[in-house]
Amino acid sequence: GRGGRGGRGGRGGRGGRNEDPFTENVVQVSRVTKVTKGGSQMSFRATVVVGDGKGAVGVGCKKAKEVQGAVMKAASDARKSVVKVPIAKGDTFPHRVTVKGNGGAHVMLRPAAPGTGVIAGGSCRSVLELAGYKNCFAKQLGSNNPLNNARATVKGLAQMRTAKEVAEARDMTLEELFSA
């Protein structure tokens, strides 16, 4: 062969895996079937969350004939969809938000005081932990689908803005913003 796989990225050949800042978390692996005239085709669908713990997080979902292939494809899909999210003082959200995702997924995200920990269920929790939040509340309302809830959570995080960003958007200083 041609000297292995070339360290994933192509640049700097060795140790390509270790330079990747993202941590992966497999949220769901489900067996799916496609029925054709020759019988049914089995494949696996993997939902993976990736994050660097410093405010970058993404969700990916892919199918393959084998579990490992599906997980790898989903992880690379998640890396393509990474968004930057704001982390406020105390490793929490800047403000409260309720977001409606796809397929009936509603997610409520609320800041919490230091020492609270991540209080969230299911795929919501994976997203928040990998994004780097340490203190927050989250509640999944409406749907139990891990993929839709994970996507809704990322969508909600992407909507959040820090006080600094709001002040800049309104051409104010932070003092003016809080006194108004």
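These exercises walk through the fold of one protein chain, each with a worked solution.

This is a predicted model, in which local features need pLDDT of at least 70, side-chain atom pairs count only at pLDDT 80 or more, and totals for chains, interfaces and linings use all residues. Residues are numbered from 1 along each chain as its sequence is written, and side-chain values use heavy atoms, with hydrogens and water left out.

**Exercise 1. The overall layout**

Task: Find how many helices and strands the protein chain has, and the order in which they run.

Solution: Start with the definitions. Helices (H or I, at least four residues) and strands (E, at least two) are DSSP runs, numbered from the N terminus. Next, count them: the protein chain has 5 helices and 8 strands. Then read from the N terminus, and the elements follow as β-β-β-α-β-β-β-β-α-β-α-α-α. Finally, look at burial: 35% of the 180 residues count as buried, where buried means under 20% relative accessible area, exposed over 50%, and partly exposed in between (1.4 Å probe, protein chains only).

**Exercise 2. The first hairpin**

Task: Work out how β1 and β2 are joined.

Solution: Two strands pair if DSSP finds at least two bridges between them. Here, β1 (residues 23–36) and β2 (residues 39–51) run antiparallel and are joined by 13 bridges. A hairpin through 2 residues links β1 to β2. To find your place along the pair, pick out R31, which stands opposite F44 in β2.

**Exercise 3. The open sheet**

Task: Trace the strand order of the 4-stranded sheet and say which strands stand at its edges.

Solution: The order is β5-β6-β8-β7 in an open sheet with mixed pairing. β5 and β7 (118–119) are at the edges with a single partner strand each, so one side of each has no neighbour in the sheet.

Now take the pairs in turn. β5 and β6 run antiparallel and are joined by 4 bridges, with V97 opposite L109 in β6. Their hairpin has 5 residues between the strands, and G103 in the turn has a positive phi of about 60°. At the other edge, β7 pairs with β8 (residues 136–141) in the parallel sense over 2 bridges, and V118 has C136 in β8 as its bridge partner.

Last, turn to the faces. In a regular strand the side chains alternate between the two faces of the sheet. In β5, V97 and V99 make up the covered face, while T98 and K100 make up the uncovered one.

**Exercise 4. Two helices crossing**

Task: Describe how α2 meets α3, and with which residues.

Solution: Axes are lines fitted to C-alpha atoms, for helices over the stretch in contact, and angles run from 0 to 180 degrees between N-to-C directions. The axes of α2 (residues 122–131) and α3 (residues 146–159) come within 8 Å and cross at roughly 40°. That makes α2 oblique to α3, since angles under 35 degrees count as roughly parallel, over 145 as roughly antiparallel, 65 to 115 as roughly perpendicular and the rest as oblique. Contact means heavy atoms within 4.5 Å. From α2, the contact uses S123, C124, V127, L128 and A131, and from α3 it uses P146, N149, A150, T153, V154 and L157.

**Exercise 5. Two unusual aspartates**

Task: Say whether D91 and D171 are exposed or partly exposed.

Solution: D91 is in the loop between β4 (83–84) and β5 (97–100), and D171 is in the loop between α4 (163–169) and α5 (174–179). Neither is a glycine, yet D91 has a positive phi of about 50° and D171 one of about 55°. D91 has 33% relative accessibility and so counts as partly exposed, whereas D171, at 71%, counts as exposed.
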